[in-house]
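Please read the following account alongside the sequence and the coordinates. It moves from strands to helices and then to single residues.

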Amino acid sequence: MASKTDFDGIVVKGAREHNLKDVNVAIPRNKITVFTGLSGSGKSSLAFDTVYAEGQRRYVESLSAYARNFLEQLKKPDVDSVTGLSPAIAIDQKSVSTNPRSTVGTVTEIYDYLRLLFAKVGVPECPVHRLPVSSQTPQQITDEITKRGAGAKFYVLAPMAQGKKGEFLAEFQRWARKGFVKAKVDGKLIDLERATKLAKTKVHDIDLVIDQIVLKDSMKHRLSESINTSLSMANGRVVIEDLDGERVSYSLHSACPQCGYSFPEIEPRIFSFNNPRGACTTCHGLGTSDLVEEEEFSEGEGGGRKLEKVKYVYKGKKVSGSNDEDEAESEELVFSVCPDCHGARLKKDSLNIKIQGKNIAEISSLGVVELREWTAKIKWNPKDQLIAEKIVNQILARLDYLIRVGTGYLSLDRPSRTLSGGEAQRIRLATQVGSSLIGVLYVMDEPSIGLHPRDHHRLLEIIGELKERGNTIILVEHDEDTIRYADYVVDLGPRAGRLGGVLLAEGTPAQLEKNPKSLTGKYLSGELKIAVPKTRRKGHGQTLRLMGASGNNLLDVNLEIPLGTFTAVTGVSGSGKSTLIIDTLYKILAQKFYGAGANPSPYKHIEGLEHIDKVIDINQRPIGRTPRSTPATYVGLFPMIRDLFANLPDSKLRGYPPGRFSFNVKGGRCETCLGHGQIRVEMHFMSDVFVMCETCLGARYNRETLNVKYKSKSISDILNMTVAEALEFFKNHAQIYRKLETLNRVGLDYMTLGQSSTTLSGGEAQRVKLSKELSRRGTGKTLYILDEPTTGLHFDDVKKLVELIQDLADQGNTLLVIEHNLEVVKCADHIIDMGPDGGNGGGRIVAAGTPEAIAKVTKSETGRFLKPML
């Protein structure tokens, strides 16, 4: 660590958050520093939970007590001191919005610029005659209304406010003084003389009633006068509403020359699917009629209503995106398209405003690369050029950054909840680069995840640009190219969990290579490496064939998987790997074997299902959503231990069932802390403090339960054991030992049995799932699907993962692994390479065969990078 007193950077002393053991580290300012080490060694604890958390906390603490009351309370990290901090921005994988209203376009703000562009230079088209609308004169409006015929009854209304907040009492009084009698407020008629204040926090639609007319010849002059009055009061607009509530808008500004169809005032709000002015009235801007948005209000100040919760309900179930996520379902759901807007989310008027023949929904559906080309080619007339130039420049700059971070295949209408962690992180990175901030500390969590080696250099250039502007970058990373690109590396270890949290080495990448204490350095120098297998499996002669897959960008793909092999599916980001394997193949098999409800993407037929008996998707999604969930319960270990305790003589004497030894239910748990082991103390204007429960002293159980012991250990003592300790303790108990042995095999020997599932990294969660599968007695006919399993894994963890995959394949199972990490790909028996590019440039199988065969295919991007590794 730098010892100079004039060191320019961030100095951390005595970091003890989670498993960190009094870590002292100096991070140079305006440089790129990589934190690396085994999965679970404490990298994120140091980068996010210490350095970033302290930066955030200090910012919030600088605000007034009143302002802090409205912000999330932040816990002070367990650290002696952090000096030299800059304002901090975290770009991680966990901040993916699951709100159904969030899209790539809204997250990057490109859609906001498009809305402004359409509002300023968009050309309205008559929905009937497909003609550009033009301005109307008052006489043309009058003539159009008189076509309704004698006896027609209607109101002449002046639209004074649309979707605006306010009390409006002064306006009501002013209109009454001018002689007007009634107004329509949010669809209801009111007397202006008796009008009261409206709720100022709610949006209102207000029409001034100019006249009520029964059409006949003698009324034509009066109609003309009423229309002129409305046009003067409402900035050139008038609304005719019949007694059934049907409304037709007219305007001096724009109307169809043939039928007089008139548009509402063209402003950015009418292109927003998150605003009532623009959102489709059938699906309320969600694009599907399956989702229902429910709002819950509480009483606010002054008798008003305060919005407390927004819930999204799908067939009676609350789903992700609701702002009380603890209770929400997060499975993949299948939505049908809204019958009115056909998924475009907007009203018909908004969709009939076009630029170069395309509406805003059509433009949003283009891939980023296509959208950039389309935008750059537009030929503007001189008047529109002046207005559009600055807006277009902002759009093009943001699209360029999205392309450079490797997300050029995404479209702006892609829902945020469908993005992978890596994609979401790179989109946020592109947005930050566009913001041109300086003097900021950026903390990022594996930005290279999900990125093909071809696109790495672009990402590193972007991160380099951020540094050159005068920003400090901290990356939690395992990628070799990124580590070598860094100015400084901090290596944590030596193991994970309790056995980690120690600073092993720090310095430049070259210094790390020479440091004998650094496990990362040994892999960088080549002293340790993942060996290429001496032989490749041919499989057992049977094949699974999927024919004519055409979901998303797939071009009638025929997929052949040799069964009994370890097959890697590769290709650049957006080439169609996940669509082919997860959205098509996995969903077909899940329907076949488990009756799953999710429909697969389009395909023609599938052959060879008789050769497999089940399919298992081992992903990195969390294994539990609540702090009460534990890996020991997930793999079926904790129920066995509870059964063991329930069968002890003391338990039988007292009549204790297995449930007595669960900390989740009444009976055996400590009722003071409800089995948590700690109690939250609310601190007004400060972050809540968690203190150890004084009744059970953190043991989670009541005294009677803790008195029951097996080999002198209580149930609480067992939960505090690591997997390695429990393995020795239960060596004579065959079933429990088998479960523990598989947890040990997947490299989780450091994990405690009672550890909360919510504290596991994505890589750890995936290894828990692998352990569960390894502990089952296999049939040798299982198809395992793993989607980017190396996410969050160090070189040494990847080595263990490859060994586990090879073990499963040796048992006759088929392993289908979607992966970019070439250390894994080079170990496969068979490769299916997709491409040649992402988005519309992909969707084909470029090459298939052994790694050696793929390396010889010149059009394979994967082959080009794989060749030097073989």
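The paragraphs below take up the sheet, some further strands, a helix, two loop residues and the cysteines.

This is a predicted model, in which local features need pLDDT of at least 70 and side-chain atom pairs count only at pLDDT 80 or more, while totals for chains, interfaces and linings use all residues. Residues are numbered from 1 along each chain as its sequence is written, and side-chain values use heavy atoms, with hydrogens and water left out.

Helices and strands here are DSSP runs numbered from the N terminus (H or I over at least four residues for helices, E over at least two for strands). Two strands count as paired if DSSP finds at least two bridges between them. An open sheet of 6 strands follows the order β5-β17-β18-β3-β19-β20, and its pairing is mixed. Its edges are formed by β5 (88-91) and β20 (502-507), each of which pairs on one side only. On average, neighbouring strands of this sheet are turned by 20 degrees against each other, direction ignored. For such angles, axes are lines fitted to C-alpha atoms, for helices over the stretch in contact, and angles run from 0 to 180 degrees between N-to-C directions.

Within the sheet, β3 (residues 32-37) pairs with β18 (residues 472-476) in the parallel sense over 4 bridges. Ile-32 stands opposite Ile-473 of β18. Helix α13 (residues 453-468) packs on the sheet, where it touches β3, β17 (441-445) and β18, and its direction makes about 145 degrees with that of β18. Contact means heavy atoms within 4.5 Å.

The loop between α13 and β18 holds Gly-470. Gly-470 and Asn-30 are 440 residues apart in sequence, yet their C-alpha atoms are 5.4 Å apart in space. Leaving aside neighbours within four places in sequence, Gly-470 is in contact with Asn-30, Ile-438, Gly-439 and Val-440.

Strand β1 (residues 9-15) has two antiparallel partners to consider. With β2 (residues 23-28), β1 pairs over 5 bridges in the antiparallel sense, and Ile-10 stands opposite Ile-27. With β4 (residues 79-83), β1 runs antiparallel and is joined by 4 bridges; here Val-12 stands opposite Val-82. Because 6 of its 7 residues are buried, β1 is largely enclosed by the rest of the structure. Buried means under 20% relative accessible area, exposed over 50%, and partly exposed in between (1.4 Å probe, protein chains only).

Helix α25 (residues 762-774) is mostly covered, with 11 of its 13 residues buried. These buried residues pack against β25 (614-618), α18 (631-634), α24 (734-745), β28 (782-787) and α26 (795-810). The expected span of a helix is 1.5 Å times one less than its number of residues. For α25 that gives 18 Å, and its end C-alpha atoms are 19 Å apart, which agrees.

Glu-167 lies in the loop between β7 (153-165) and α6 (169-177). At 32% relative accessibility, Glu-167 is partly exposed. Not counting residues up to four places away in sequence, Glu-167 touches Phe-172, Thr-196, Lys-197, Leu-198 and Lys-200.

How many disulfides does a search of the whole structure find? The search finds 0, a disulfide being a pair of cysteine sulfur atoms within 2.5 Å. Cys-283 is in no disulfide, and the nearest cysteine sulfur, that of Cys-341, is 3.7 Å away. Cys-283 is buried, with a relative accessible area of 2%, and Cys-827 is buried at 1%.
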